[in-house]
Each structure stands twice: as structure tokens, then as C-alpha cells.
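Open the model in your viewer and show side chains as sticks. The stops below are meant to be selected one after another.

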Amino acid sequence: MSEAIVPVIYGQPANGVVRITLNRPERKNAQDVALLYGLDAAFQQAAKDAQVKVIILDAAGDTFSSGHDLKGDSGKRPEDFPLVGMWADFGAPGQEGMMAREWEIYLGFCERWRSIPKPTIAQVQGKCIAGGLMLAWVCDLIVAGDSTQFQDPVVAFGMCGSEFFMHPFELGTRRAKDWLFTSDWLSAEEARQIGMVSRVFADGKLSEETQKLAERIALKPGFALKMAKEAINQSQDACGRRTAMLQSFSIHQLCHSHWRNIYGIPVDPSGLPESLRAGIYDYFAGLGKRT
Ligand code: ZN
């Protein structure tokens, strides 16, 4: 039996592997605060669970994740959950409250999940868009079905990229610029060739092959897996990743402030898809209120 942590499912560990499933298929696994805090709780549970040596992050439905949920937070706010980081007062005026919120639920969560001391594998199917990329990038391995596609279209609505700005580290600087400037789709095979995806499997075998890979890794000594992960993550951080992330986060906040000055909301509404444009003012007005 699986234990539901709505809207994230924590599976039954077997052979040293647990599956954590994003479970908002009706919203294409768009990230509202309940999903993000649910995911944090599930990752914490896996980190503490002695039966778990390897964690698979997968997703229900045909889309891994369509990004942040710009249609709303399903009636919940970050204030409704215990604070995980130290940035708070999410309803403070100007850009202050939003910056705190984005520290807590995006940059802070992603940095924390990247440091889980057990191997993590993102099993990505369908589409993975904008903020959805952050959930894949925090994992140690990314495996994808052969029809999977990745896209970051946020430049179209005035942003430099997402809050967890791994683009240059995942794609290389020139390819990252091309991808952001054009909003073009990146196929699973292209992503594998540039090193963002580690393996591509046939769509129909994605789950089975990912499970086999995870179980093979789980046979290795847990301490060595943990140390191998630490050695590689610390090498990347020694090359400046952490400093670059903090600088990119500040630039991201500058973008939000710029659009707030012009339109009163922190993105350029003219570049948003038609389906989001009408409700976006209400969404951001709701974020700015103190409870
Ligand atoms: Zn943002």
C-alpha cells in the first residue's frame, strides 16, 4: 500500500528503492505550494528511511511538470506550512515578500533537495517545462523517455530564467543562451548528448528500465554512494556553482522588480500564454497580501 502525502505519493520501498510521485496530473503537475511542501516532506521521509538507498522522482500523467502553477496555490500559502528555511514574511510589500517566498519554496528547496545524501533519479516523461526543470535538475541522474521534451519559455514573459538557475551548468553556456533566447524544445536525445540527461529509454519501458537502474545502484555500498555524490557536488560548487546561483537569483529578483514597476505585477503579462493572462493580476495580488 502506498501512503499518500497529497499531492505527492510516497511509495513502498522495495529492493532499496523508493518512488516519490508528483501527483497532480490534472494540472500537469504544476507546482503549487502544497505540491512543493509535500515533495519536501517525501524527500525528508526518504532521507530518514533506512530501507531506502536510492530515490526515484517520477510523475503521474503525461507531463512530468509544467512548472510553477501560475493559476494559483489551491487555497494554500507558504505561511500554512512549517518554515523550512529562514526567509519569512512572504506578504511584505514591494519585492521583499516575493523574494522571501522564492527563497523558501524554490531556491531553498532545490538546494536542499540537491544535497539529499542518497542518489536521486528523475524519471521524466512527456514534457518538462520552466519550473519543472528545477525538479529534474536537483536529482543526480535524469532519465527520460525517448519522446520527452524540455523547454524554458520564461524569457517570453520577461524573466532571465528560473529561480534555480542551473542552465549554464546543465547545458553549457552557449547552448543555454540559445535555448533561453529561442524557447525551443530540447529533445531527450539532444539533452543526453549535451549531458543533461544521463540515459534515454523507450517510452514504454521508461519506468521498468529506471527501476532496474535504481536497483543496480542500490546494490552498491550506501556510504560510498553518499561520498561519491558529495565529491561531485562539492567539485561543482568549488567551480563557483553556488555563488553563480545566488547571483542569478538576485538578477531574477531584479527582473521581477522591473516588471512590478511597469505593470504592477512581477512578470511581463504580454508574453504570457492567453490562458494565463486574464488571471495573472489576481494571482500576484494574492501573493502580496499579508495574512
Ligand atoms: Zn520568480
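Start by selecting His256, which is buried in this predicted model; its relative accessible area is 3%, under the 20% that sets the limit for buried. His256 sits in helix α9. Expand the selection to its contacts, skipping neighbours within four places in sequence, and you get Gln95, Met98, Glu102, Met159, Glu163, Pro266 and Val267. Two of those names, Glu102 and Glu163, return at the next stop.

**The zinc ion**

Select the zinc ion and display its protein donors. Which atoms are they? The donors are two OE atoms of Glu102, an OE atom of Glu163, and the NE2 atoms of His252 and His256. These lie 2.1 to 2.4 Å from the ion. Along the chain, the donors follow the spacing E-x60-E-x88-H-x3-H. Glu102 belongs to helix α2, while Glu163 is in the loop between β8 and α4, so this pair, 61 residues apart, links distant parts of the chain.

Colour the two glutamates by accessibility. Are they buried or exposed? Glu102 is buried, at a relative accessible area of 3%. Glu163 is buried as well, also with 3%.

**Helix α2 against helix α9**

Now select residues 96–114, helix α2, together with residues 241–263, helix α9. Their axes come within 12 Å and cross at roughly 155°. An angle over 145 degrees counts as roughly antiparallel, so α2 is roughly antiparallel to α9. The crossing of α2 past α9 is right-handed.

To see the contact itself, show these side chains:

- from α2: Met98, Met99, Glu102, Trp103, Leu107, Glu111 and Arg114
- from α9: Arg241, Arg242, Met245, Leu246, Phe249, His252, Gln253, His256 and Arg260

Sorted by class, the contact of α2 with α9 holds seven nonpolar, three polar and six charged residues. The zinc donors Glu102, His252 and His256 are among the residues that meet here.

**Helix α1 against helix α2**

Keep α2 on screen and add residues 33–48, helix α1. The axes of α1 and α2 come within 11 Å and cross at roughly 30°. That value is under 35 degrees, so α1 and α2 are roughly parallel to each other. Their crossing is left-handed.

On the α1 side, pick Val33, Leu36, Tyr37, Leu39, Asp40, Phe43 and Gln44. On the α2 side, pick Arg101, Glu104, Ile105, Tyr106, Phe109, Arg112 and Trp113. The residues of this contact of α1 with α2 divide into nine nonpolar, one polar and four charged.

**Arg112**

Stay in helix α2 and centre on Arg112. It is partly exposed, with a relative accessible area of 32%. Apart from neighbours within four places in sequence, Arg112 is in contact with Asp40, Gln44 and Val84. Draw a distance between the C-alpha atoms of Arg112 and Asp40: the viewer should give 8.9 Å, for residues 72 apart along the chain.

**Cys160**

Move to the loop between β8 (149–151) and α4 (167–171), and select Cys160 there. Cys160 counts as partly exposed, with a relative accessibility of 22%. Which residues does Cys160 contact, leaving aside neighbours within four places in sequence? They are Val154, Phe165, Leu180, Ile251, His252 and Cys255. One of them, His252, is also a zinc donor. For a distance check, take Cys160 and Ile262: these are 102 residues apart in sequence and 17 Å apart in space, C-alpha to C-alpha.

**Two backbone angles**

Finish with the backbone torsions. Most residues other than glycine have a negative phi, so the next two selections are worth a look.

Select Lys28 in the loop between β3 (17–22) and α1. Its phi is near 50°, a positive value in a residue other than glycine. Lys28 counts as partly exposed, at 39% relative accessibility.

Then select Asp89, found in the loop between β4 (54–59) and α2. Phi of Asp89 is near 55°, again positive in a residue other than glycine. Asp89 is partly exposed, with a relative accessible area of 38%.

Technical notes
Residues are numbered from 1 along each chain as its sequence is written. This is a predicted model: local features need pLDDT of at least 70, side-chain atom pairs count only at pLDDT 80 or more; totals for chains, interfaces and linings use all residues. Side-chain values use heavy atoms; hydrogens and water are left out. Axes are lines fitted to C-alpha atoms, for helices over the stretch in contact, and angles run from 0 to 180 degrees between N-to-C directions. Helices (H or I, at least four residues) and strands (E, at least two) are DSSP runs, numbered from the N terminus. Angles under 35 degrees count as roughly parallel, over 145 as roughly antiparallel, 65 to 115 as roughly perpendicular and the rest as oblique. A crossing is left-handed if the near helix is turned anticlockwise from the far one by less than a right angle, and right-handed if clockwise. Contact means heavy atoms within 4.5 Å. Ala, Val, Leu, Ile, Met, Phe, Trp, Tyr, Cys and Pro count as nonpolar, Asp, Glu, Lys and Arg as charged, and the others, Gly among them, as polar. Buried means under 20% relative accessible area, exposed over 50%, partly exposed in between (1.4 Å probe, protein chains only). Donors are N, O and S atoms within 2.8 Å of the metal (3.2 Å for Na, K and Ca); water is not among the atoms, so sites may look incomplete.
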